[in-house]
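Colleague: I've just opened this one and don't know my way around yet. Can you walk me through it?

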Amino acid sequence: MPENKHNDAPQNPRVYDSDLPTFTTDVRMEKVGELFGSSAGHASRDEQVQGSGGGGPCEAVYWIKEKGMQWRMKGTAFVVAPDIEGQEESSGVRTVKSEIGGRMRVVEGGEEKEKDWSWGTELTGHFGNCSPGMRGSWRNPPPGTRVKGEPDQEHQLGQKVTDLHDPIARSNFRVVVIKPDEVEATDISNPETARRRKYTFVADAQDGKGEWTEEELWP
């Protein structure tokens, strides 16, 4: 996670690096259920998507206007929930830690600090990385539900949350980690020299670490 002077959440020591982008979401959003439902586990009931897990197919596109670059990645996506550091590990937690952990690289000098790194601290760090207004969105009325009168006092629009452990906001807050297998970078900053580069992750059969291969393509 990049440094943010406005983030007052406890931070993990610098131990790992990876090529896995993340984004935050609300467990009540449809995308969470879709990531669980399209995964190998085929979770379909609401109670099955409340914890960590998922692993369904995912595709994300980033357009960098200033650089004239488009990044498109395909792979699978996993959901990190508050149970990521519970006393008992569910199958979903084990899946997340195995699939994501397999693509995390220990940085130089990080070996001595691995024991001090925790998934729970990382999750709270992502929550702290959001503005108070964004944190408050996890106390909104359930997204996509029909408006029927005024929402209850605990689920109001426009709230600002400063408590890093606000029980309602944290119960809805999730971090999604994308595990890309294929990435395309299309450079159209100059139409006369436009190129598309395709990167494919080739996993090692032994430990899954692997490496990226590169192809140059016409855009």
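**A first look around**

Modeller: Sure. Let's start at one odd spot: His42 is exposed, with a relative accessible area of 54%. Keep in mind that this is a predicted model.

Colleague: OK, and where is His42 found?

Modeller: His42 is in the loop between α1 (30-37) and β3.

Colleague: What is the phi of His42 like, positive or negative?

Modeller: Positive, about 50°, although His42 is not a glycine.

Colleague: Let's zoom out. How many helices and strands are there in the chain?

Modeller: The chain has 5 helices and 8 strands. Going along the sequence, they come in the pattern β-β-α-β-β-α-β-α-α-α-β-β-β.

Colleague: And how much of the chain counts as buried?

Modeller: 37% of the 219 residues. The C-alpha atoms fill a box of roughly 55 × 45 × 40 Å along the principal axes.

Colleague: Among contacts between residues at least 6 apart in sequence, what share joins residues at least 24 apart?

Modeller: That share is 61%. For a pair of residues far apart along the chain, look at Gly109 and Val15: they are 94 residues apart, yet their C-alpha atoms are separated by 7.7 Å.

Colleague: Where is Gly109, then?

Modeller: Gly109 is in the loop between β5 (105-106) and α3. Gly109 counts as partly exposed, at 41% relative accessibility.

Colleague: New topic, helices. Which residues of α2 are buried?

Modeller: Helix α2 covers residues 91-101, and its buried residues are Gly92, Val93, Val96 and Ile100.

Colleague: Why do those buried residues line one face of the helix?

Modeller: Seen down the axis of α2, the buried residues fall within an arc of 100°, so they line one face. The spacing rule behind that is general: an α-helix has 3.6 residues a turn, so residues three or four places apart point the same way.

Colleague: What's on the other side of α2?

Modeller: Ser91 and Ser98 are there, and they are exposed.

Colleague: And what covers the buried residues of α2?

Modeller: The cover includes β3 (53-64), β4 (69-80), α3 and β6.

Colleague: Switching again. What volume does the largest pocket have?

Modeller: About 860 Å³. It is lined by 29 residues, and the closest to its centre are Met1, Pro2, Tyr16, Glu122 and His126. The elements giving two or more residues to that lining are β1 (16-17), β2 (22-26), α3 (119-128) and β6 (173-187).

Colleague: Which element gives the largest share of the lining?

Modeller: That's α3, with 4 residues.

Colleague: How does the lining of the largest pocket split by class?

Modeller: There are 16 nonpolar, 9 polar and 4 charged residues in the lining.

Colleague: Last thing, cysteines. How many disulfides does a search of the whole structure find?

Modeller: It finds 0. Cys58 is in no disulfide, and the nearest cysteine sulfur, that of Cys130, is 18 Å away.

Colleague: Why is there no bond from the sulfur of Cys130 to the one in Cys58?

Modeller: Because Cys58 holds the closest cysteine sulfur to that of Cys130, and at 18 Å it is too far for a bond. The cut-off for a disulfide is a pair of sulfur atoms within 2.5 Å.

Colleague: Are Cys58 and Cys130 buried or exposed?

Modeller: Cys58 is buried, with a relative accessible area of 17%. Cys130 is buried too, at 12%.

Methods:
Residues numbered from 1 in each chain as written. Predicted model: local features only at pLDDT ≥ 70, side-chain atom pairs only at ≥ 80, totals over all residues. Heavy atoms only, no water. 1 Å grid on protein atoms, 1.4 Å probe; cavity = no way out; pocket = protein on both sides within 12 Å on 5 of 7 lines; lining within 4 Å. Points joined across faces, edges and corners; volume = space filled by probe spheres on them. Nonpolar A, V, L, I, M, F, W, Y, C, P; charged D, E, K, R; others polar. Buried < 20%, exposed > 50% of the residue type's maximum accessible area, 1.4 Å probe, protein only. Arc of directions from axis to C-beta. Contact = heavy atoms within 4.5 Å.
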